[in-house]
Amino acid sequence: MIQEGRMTNHLMDIIRIDSPSRKEKNVALKLEKDMKELGAECFYDDAGDKVIGNTGNLIVKLAGTKKDAPPFFLCSHMDTVSPGEAIKPRVENGVMRSDGTTILGSDDKSGVSIIVEVLRTLKENNIPHSDIEVAFTICEEIGLLGAKFLEASSFKSHYGIVLDSSTPERLVLRCPCSDIMDVKIYGVEAHSGLCPENGISAVEVLSDAVSNMNLGRIDHETTANIGEIKGGSATNIVPGLVELKAEARSHNEKKLDAQIQHMHDCFVKAAQSREIMLDGEKLNAKAEIEINRIYPIMNVSPQATVTKLVLGAVSNLRYNIKLHTSGGGCDANYINEKGIECVNLGTGMYELHTINEYLLLDEFYKSAEIVLETVKLHSEKN
Ligand SMILES: [Zn+2]
């Protein structure tokens, strides 16, 4: 029932509309038009003001034809990473790619087009369905900000699907929670040739801290990384400041807290252990550390209602799917926290966030069939 050609054309159309994070408005307007043609109600929330973007999340409500069936939630993000401007999508041998100078933007516009096609299919085939609630979100790529600021009170659904991972042959149930650390290490500047003993090198403090720090893969649930470092001002000055950004993630909140504490303590101890006496005054290095939770954990049970629902749909279609744990966060991290039990289904997209990004059309259509069948199954419930 899914119209593959229409779905592919829709995707190419929206890929051609630029939508970097905070500038999703033109795509949102196109989707609003598509959704209103189906008779759906559309509105924008105030997430755009909170992120200082040009649009909020686009919320769509398609009224059900089965009034007694509980509503169902669908979500994909509208923003793309860079280089993502003037994308020229093309299809060859069942694979969609860019021209090799940009990303493709199937992350996550393939999910968006799947949702549009499913709603069109429900409508034109008069398939009995519950109310469908959709969030086309903004700013997923810069920390799930659209989902973070989504108002839970805008939705009545208890269950839903986020479409934002690679293959529809796996269903993501678990994503880690993550913290970022902004660290400033202050040393004491001095001329490196005339009086290095009057300085404390912030680079050496950093080096002490890192040499005592567990980084990389901590265990099967936890990872940590120092991703950015800048500091110093000239070769002849003992560096007085180093700034860095680090992150840690875990599928276990306690382990994340412990890893962040460990990293914090390494910076503080390294700073405290470097001191000098200058003109009778004791000077210390200092570490200034800011820690922020960027997203909460997602942990949907294999026995959860929504998991069983999608597995039921997949089995009706005689497809196979594996339950999966992901190493990255997605909008579903926040949406689960807001009380809508959501799994993340793949759309057929691969090599995301690179100019080699591609979409397998067979998997793209398959994902749409799974969503359609899930909505049908769900709508049979009272
Ligand atoms: Zn994505």
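**Exercises on domain division and an open sheet**

The C-alpha centres of domain 1 and domain 2 lie 39 Å apart. The model is a predicted one, in which local features require pLDDT of at least 70 and side-chain atom pairs count only at pLDDT 80 or more, while totals for chains, interfaces and linings use all residues. Residues are numbered from 1 along each chain as its sequence is written.

**Exercise 1.** State the bounds of the two domains and describe their contact.

*Solution.* Step 1: domain 1 comprises 4-175 + 297-379 and domain 2 comprises 177-295; such bounds come from an automatic or database domain assignment. Step 2: 8 residues of domain 1 contact 6 residues of domain 2, where contact requires C-beta atoms, placed from the backbone, within 7 Å. Step 3: the side of domain 1 that touches domain 2 has 3 nonpolar, 4 polar and 1 charged residues (Ala, Val, Leu, Ile, Met, Phe, Trp, Tyr, Cys and Pro count as nonpolar, Asp, Glu, Lys and Arg as charged, the others, Gly among them, as polar).

**Exercise 2.** Establish the strand order of the open sheet and its pairings.

*Solution.* Step 1: the 5 strands follow the order S11-S12-S14-S9-S17, with antiparallel pairing. Strands are DSSP runs (E, at least two residues), numbered from the N terminus, and two of them pair if DSSP finds at least two bridges between them. Step 2: S11 (216-219) and S17 (286-295) are the edge strands, each pairing on one side only. Step 3: S11 joins S12 (residues 222-231) through 3 bridges, in a hairpin with 2 residues between the strands; Arg 217 stands opposite Thr 223. Step 4: S12 and S14 (residues 241-250) pair over 9 bridges, with Gly 231 partnered by Val 242. Step 5: S9 (residues 177-186) and S17 pair over 9 bridges, and Met 181 faces Ile 291 in S17.

How values were computed. Helices (H or I, at least four residues) and strands (E, at least two) are DSSP runs, numbered from the N terminus.
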